[in-house]
Amino acid sequence: MSETLIPNLQKEKIIEYLSEGKRLDGRRVEDYRDIEVEMGISKNAESSVRVKIGKTEVLAGVKLGIAVPYPDSPDEGTLMTSAELHPLSSQEFEIGKPGIDSIEIARVIDRGIRESGLIDVKKLCIKEGEKVWQVFLDIFTINDDGNLLDVAGLAGLIAIGNAKIPIYNEKEGKIDYETPAKDHLPINEDVASFNMTFHKIGNSIVADVSKEEEAISDYRLSIAMGDNKGEPRITAMQKGKSGAISAEDMENILKLAEDKWKELFPKIKKYAFGK
Amino acid sequence: MAKEKSLYLKRNDGRKFDEVRPITAKVGIVPSADGSASFETGGTKAIAVVRGPRTLHPQHKQDPRTGILRVSYGMMPFSVTDRIRPGPNRRSEEISKVSEWALNSVVDLSEFPNTVVDVFIQIPQADAGTRVAGINAAAIALAHAGIPMKEMVSAIGVGKIDKTLVVDLDKYEDSDFHDGEGSTDIPVVITSRTKKIALLQLDGKISVPELKEAIELAKKTCEEILKVQMKALKEANRSEGKKK
């Protein structure tokens, strides 16, 4: 992947604006762009969704298959998450084996789902030690205008939250994709979380960065937050890029994350679980 | 038509034999691209994105006489019931190449030496005929990107189900019909002005007169598809003009 090049003039302009609490697109530093969600992108998927935050657009789909369980967890279903940062979505992405950016996105999302226990994997066991459901979460980028990680994470959560389990024909040992599925994937809604990424640019902490802002930031901090009886609870974190976080900035980021979480999480839960 | 009665007298979804599934086309679906379009036929959805002309790397692949067209076709993992592993496979590599040949027959990149024009075709949802839907989307996206083209191309899958000629096969007709002579699948690309065949593949069993008839059917249907493509481009022109 080649780097996005931002002219110095534009960089200075972005930082100058931010020092006054403004952004080039008119948002305040803490503002997210509009979130748009459309379900049912592929009728052949167990669930599929298009998520747009501003002009950044991602598709996510869930497919279920049958697999042999891992020896250390013979009664648990498995999860596999992949993310394609496809060259159709950005000038900077190249075709070929997954680069570090798509590996990072896939792993951060996979961990967020796996470690939180969002999917009740024990309920995905068909025959202990022999057959379990395998959940595939595939993420595909359509347009990169910054903050792919949050958009991909949200798409992943909504796809998992809406997925249904197809009928398994035990006699033939085959999945019947034709009969409409009724059962939802077993989910622990209580542990669902929303991933928010904040970037340090100049002296400012900025939410939901544009592509240009993303390219010039010193570091980013992603925080996945869920709900613990009405209070935000952090379920995952990831720091990226080479800048370091001061104690003061850490305070500010956490404060901002809590505020954003209170604003956005109810809406996101509705998208993911219909309530 | 053949003397013997065909086993396929009524289409699975009730269409007439020469009737295409409902088509929609949309231009400008990926804002960061130079050109983009979606093309849907019934349950098959294709998107195409054009990036370029841009400098081709590595340098030794450059051609000082002309720009190069590069097409990459792929199906999204969740586009079919049995998940497809992400990334290229033998099928997608072949379809990429035949689509590239088809589009190359009308694209002229001689004004852009040492560059590449990338066309990315992706299928979010598949119900047979994905390569022709992809080529239809790609042709629109190339025009949207302002790439010099001698003429447009339109694509359609025609075929023979037992002894009956049909256009725009769906998944049942393409893969699940095995009675009598079975299913013959013929993707065809027709150029808009000179009415030449820019892509032709065939899989099945068919007589020479039947093939000729099938190609005529394809030509006729491509006229319809061309209208949809041109309409989408004109609408995009109008709305993009408004924004400015």
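**Helix packing in chain A and its contact with chain B**

In this predicted model, helix 2 of chain A and helix 3 of chain A cross in a right-handed manner (the near helix is turned clockwise from the far one by less than a right angle). The two helices, residues 100–116 and residues 148–162, pack at an angle of about 40° with their axes 10 Å apart, so that helix 2 of chain A is oblique to helix 3 of chain A (neither under 35 degrees, nor over 145, nor 65 to 115). Helix 2 of chain A brings residues including I105(A), V108(A) and G112(A) to this contact, and helix 3 of chain A brings residues including L149(A), A152(A) and G156(A), where contact requires C-beta atoms, placed from the backbone, within 7 Å.

Chain A as a whole comprises five helices and 12 strands, and its radius of gyration of 20 Å is close to the 19 Å that the globule rule gives for 275 residues, so chain A is as compact as a globular protein of that length (the radius is taken over C-alpha atoms, and the rule is 2.2 Å times the number of residues to the power 0.38). Its C-alpha atoms fill a box of roughly 65 × 45 × 35 Å along the principal axes.

Turning to the interface, 21 residues of chain B are in contact with 29 residues of chain A, and strand 5 of chain B gives the most to the side of chain B that touches chain A, with five residues. Helices (H or I, at least four residues) and strands (E, at least two) are DSSP runs, numbered from the N terminus.

Residues are numbered from 1 along each chain as its sequence is written, and chains are lettered from A in the order in which they are written. Local features need pLDDT of at least 70 and side-chain atom pairs count only at pLDDT 80 or more, whereas totals for chains, interfaces and linings use all residues.

How values were computed. Two residues are in contact if their C-beta atoms, placed from the backbone, lie within 7 Å. Axes are lines fitted to C-alpha atoms, for helices over the stretch in contact, and angles run from 0 to 180 degrees between N-to-C directions.
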